[in-house]
Amino acid sequence: MGELPAGLVQSLDGTNLTEGQATEMLAKISSFELGDGSTVSPPAVGVTVVVGPNNAGKSTLLREIHTHLNSEYHSQPFWRLVKSLSLEVAGTPADVVAWLAAHNRYSADAEGGFRSLGGANVSTSWLRQVMSTSWAQAGPTGRLGSTLAPFLVQYANTDSRLEQSKAAPARNDAREPATHPVHVLADDRVRLHQASGIASQVFGEALWLDDYSAQHRLRVGELLADAPRRDEIDAAYRDELLSLPELAQQGDGMRSFFGLLLPLLAASFPIVLVDEPEAFLHPPQAAALGRQLGRLSVENELQVVIATHDRHLLTGLLESKTPLTIVRVDRFSQGTGARQIDPIELTQIWDEPALRYSNALDGLFHRLVVLVEGDRDARFYAASLDVANEIGEVNLPVSEVLFVPCGGKGGMAKIAKALRGLGVPVVAVPDIDLLSVEAETRKLVEALGGDWTDFESDFAAATARISKDASALQVCELAAVLGDDPTAPLTKELRRSVERVLKTAGSGWNQVKAGGVSALGAGGVGAAAARLLDALDVLGLVVVRVGELESFAPDLDVSKGSNWVPAALAAEAHRSPEALAHVRRLGGALAGQQE
C-alpha cells in the first residue's frame, strides 16, 4: 500500500482524502439497458455470460459497457446496443483514495498521483478537483470517467491478454505497489503457488518466477533443484531456472489463459470485462478456464462479464458453482435485444442428465435449434437447408442452426421447454404420426409456449376418423386374441399375437405416415388438418407433411436404416419441392419467433 503524506490529497472543499477505508469502497454495475428496452442486472459478485448466435452483438455489447464506464460525466457515449448503464457505488471520496492507495503505486513527485496495474495514471490535482463531487455522480450516470475507470475496470480482449504474459520491469524499490501482475506474484508467494498449481493442472507444467534480472518474468517447466533461501545464492538453481522457457514464448492458448487469470489473481480490478476468453484454447482448457473464472470471482469478490461462443467455458462456469447469470443477445425485427435467463431455469437444465450430457446447451450459441427424431433426420434436413440457402429460398445458414436428435418424439417436449426457458428459438420437427396421440401433441404444443385450446378443435376434426378406426380395430382384435379368461397365462405365443394386433391397429396411422397429410382425408377433415398444421408451423411445431423422413424419397431401394440418407442424397431427394417446402417452414417458424 502506498503511504499518503497527511494533507497531500485534499479536495477543494477541504475534505481530507487520506483518512478513508479501502474496504468501504464499492463499484459495481447494477444494470444496463439495451435499445429495445430490455434490462440486464448482473450479480455484484460472480459471472455474467453474454451468449447468442454469430454477429448478434455480443462483443459490441461488451465494448459499449466499457465505453459507458470510461465516459466522462458530462458526455453521452455513442451506442448501438447499450442505451444506458447504472452503477452501484459506495464509500466516501476518501475511501476511494484509500482503495487506490491499497492497489496501486503512489508517486509523491511534484504532480503526485497513482499508477494502475495496467499503467494508467491519475494525478493528485485531479483527485483534489473532481473526486469529492464526481464519485457521488458515478452511480446515477453509470460513468466512472476516463481517468478513474482504468483503475476499477479491466477490459480483457485477446490482444491485451497476450500482452500480460510478457516480462515486467523490476521495481526500483520492492516496497512499491505492483504495476504488473507479475509484481503481485513476487509480493505474494501464495498467489504464485496458486498460479503454478493451475498451470500444472491445466497444461501439465508449473510456473516459476524469475526475478534474477532487471526484467521479472514467468517461466514454464519443472525444476529439480530446491529453491534457495532469499539470503543464499545457488547458481545451480539459478541456471536451471533460467534455462526454462518464458511464459511469453509459449503458445497463444497458455499465454491468453494466464494473461486473463493473472490480473484476476491480483484482484486489482473489481469489474472485469472479458471478450472471448476461450480464444486459442482447446475444449478441456476452456472448461478449466471457466472453473477458475468462477472460483476467482467469488474468492476476490469480482464482478465478471464475459462474451463467449463456447459451451465448454460455460460448462466450467456451471461446475464452479459461482453466482451465474446468462444473457442471450439476439437480433429481432425491431432490433437487437437481450434476455436475462432465470438462474433457476439454468440450474434445472444443468441438473437434468438428459440435457446436461446432450448438445442442447450448444443452442445458446445458435440462431435456431431444430429438434428432430434422430441423426438421419438431422443430416437430411441440413442438406436440404443448404440447398434452400443456395437458391435463395431462405436466409438461414446451416452453420447458425443446431440440429438436436431427441431419440424419437418423446424427448422433444423436455428439451423444447428447457431451451425456450433460455431464450433460444426452437422448432420441433416430428413425423406426422405425432398426431396419433393427443396427449403427446398437447405436451409438445405447451412446451413450445402454445395454448392447447387454440388447437383442440381442429386437432379433433383432423384426426377423429383415423383414431376411431384404429381404436375400434384394437378393441375387436385384442378381444379375439385374449379370449374370455382373464386368468389365463400370458405365454410367449400370446404376447406375440398381441404385439401383431397392436401393430396392425396402427395401420390407419401407418397409412398417414406413408402418405402424408392427404391420407387424413378431404373435405372438412382436410380443411381442419390444413388449419391445424399451419397453426402448428407458426408455433414452431413443423410436422413432416409428407408423413415421415423416408417419404421424401419413397422410391429408393433402401427403405430404412443408416444407408437411407446417403442413398437419398445421391438421388437428390433433398432438392425435391417437398423437401425445400419443409425447410422453408423451418425458416418461417424462426421468423415468427423473432417478431
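# Close-up views of a predicted model

**Figure 1. An open sheet of three strands in the predicted model.** Three strands, in the order E2-E1-E4, make up an open sheet with antiparallel pairing. Its edges are formed by strand E2 (39-40) and strand E4 (82-90), each of which pairs on one side only. Strand E1 (residues 26-34) is joined to E2 by two bridges in the antiparallel sense. Within this pairing, Phe32 has Val40 of E2 as its bridge partner. In a regular strand, the side chains alternate between the two faces of the sheet.

**Figure 2. Overview of the protein chain.** The chain holds 22 helices and 18 strands. Of its 595 residues, 52% count as buried. When contacts between residues at least 6 apart in sequence are considered, 72% of them join residues at least 24 apart.

**Figure 3. The largest nonpolar core, centred in this view on Leu364.** This core comprises 95 residues, and Leu364 and Leu371 touch the most other members. Helix H9 (residues 252-266) contributes the largest share of the core, with nine residues. Another core, of 46 residues, lies apart from it and includes Val50, Val305, Ala307 and Val329. With neighbours within four places in sequence left aside, Leu364 is in contact with Val51, Gly52 and Pro53. Further contacts of Leu364 include Leu314, Ile326, Arg328 and Ile341, as well as Leu422 and Val424.

**Figure 4. Surroundings of Thr325 in strand E14.** Thr325 belongs to strand E14, which covers residues 324-332. The residue is buried, with a relative accessible area of 4%; the cut-off for this class is under 20%. Not counting residues up to four places away in sequence, Thr325 touches Pro42, Pro43, Val47, Thr48 and Val49, together with Gln340 and Ile341.

**Figure 5. Helix H2 and its enclosure.** Helix H2 spans residues 93-103. Nine of its eleven residues are buried, so the helix is largely enclosed by the rest of the structure. The buried residues of H2 are Pro93, Ala94, Asp95, Val96, Val97, Ala98, Trp99, Leu100 and Ala101.

**Figure 6. The hairpin of strands E10 and E11.** Strand E10 (residues 206-210) is mostly covered, with four of its five residues buried. E10 and E11 run antiparallel and are joined by five bridges. Four residues lie between the two strands of this hairpin. Asp210 has Arg217 of E11 as its bridge partner.

**Figure 7. The largest cavity and its lining.** Rolling a probe the size of a water molecule over the atoms shows where empty space is left. A search of the whole structure finds two cavities of 30 Å³ or more, and the largest has a volume of about 40 Å³. Its lining is formed by Gln164, Ser165, Lys166, His180, Val182, His216, Arg217, Leu218, Leu247 and Leu262. Strand E11 (residues 215-221) supplies the largest share of this lining, three residues. By class, the lining has four nonpolar, four polar and two charged residues. Arg217 thus appears in two of these views: this residue lines the largest cavity and is also the bridge partner of Asp210.

**Figure 8. The second largest cavity, with helices H15 and H16.** The second largest cavity has a volume of about 30 Å³. The residues that line this cavity are Lys409, Gly410, Met412, Ala413, Leu434, Glu440 and Leu444. At least two lining residues come from each of helix H15 (412-421) and helix H16 (438-447). The lining divides into four nonpolar residues, one polar residue and two charged residues.

**Figure 9. Glu446 in helix H16.** Glu446 lies in helix H16, one of the helices that supply lining residues to the second largest cavity. Glu446 is partly exposed, and its relative accessible area is 41%. Although Glu446 and Ala416 are 30 residues apart along the chain, their C-alpha atoms are separated by 9.6 Å.

Note on methods. Residues numbered from 1 in each chain as written. Predicted model: local features only at pLDDT ≥ 70, side-chain atom pairs only at ≥ 80, totals over all residues. Heavy atoms only, no water. Core = buried A, V, L, I, M, F, W, Y, C linked by side-chain atoms within 4.5 Å. Buried < 20%, exposed > 50% of the residue type's maximum accessible area, 1.4 Å probe, protein only. Contact = heavy atoms within 4.5 Å. 1 Å grid on protein atoms, 1.4 Å probe; cavity = no way out; pocket = protein on both sides within 12 Å on 5 of 7 lines; lining within 4 Å. Points joined across faces, edges and corners; volume = space filled by probe spheres on them. Nonpolar A, V, L, I, M, F, W, Y, C, P; charged D, E, K, R; others polar. Pairing = 2+ DSSP bridges.
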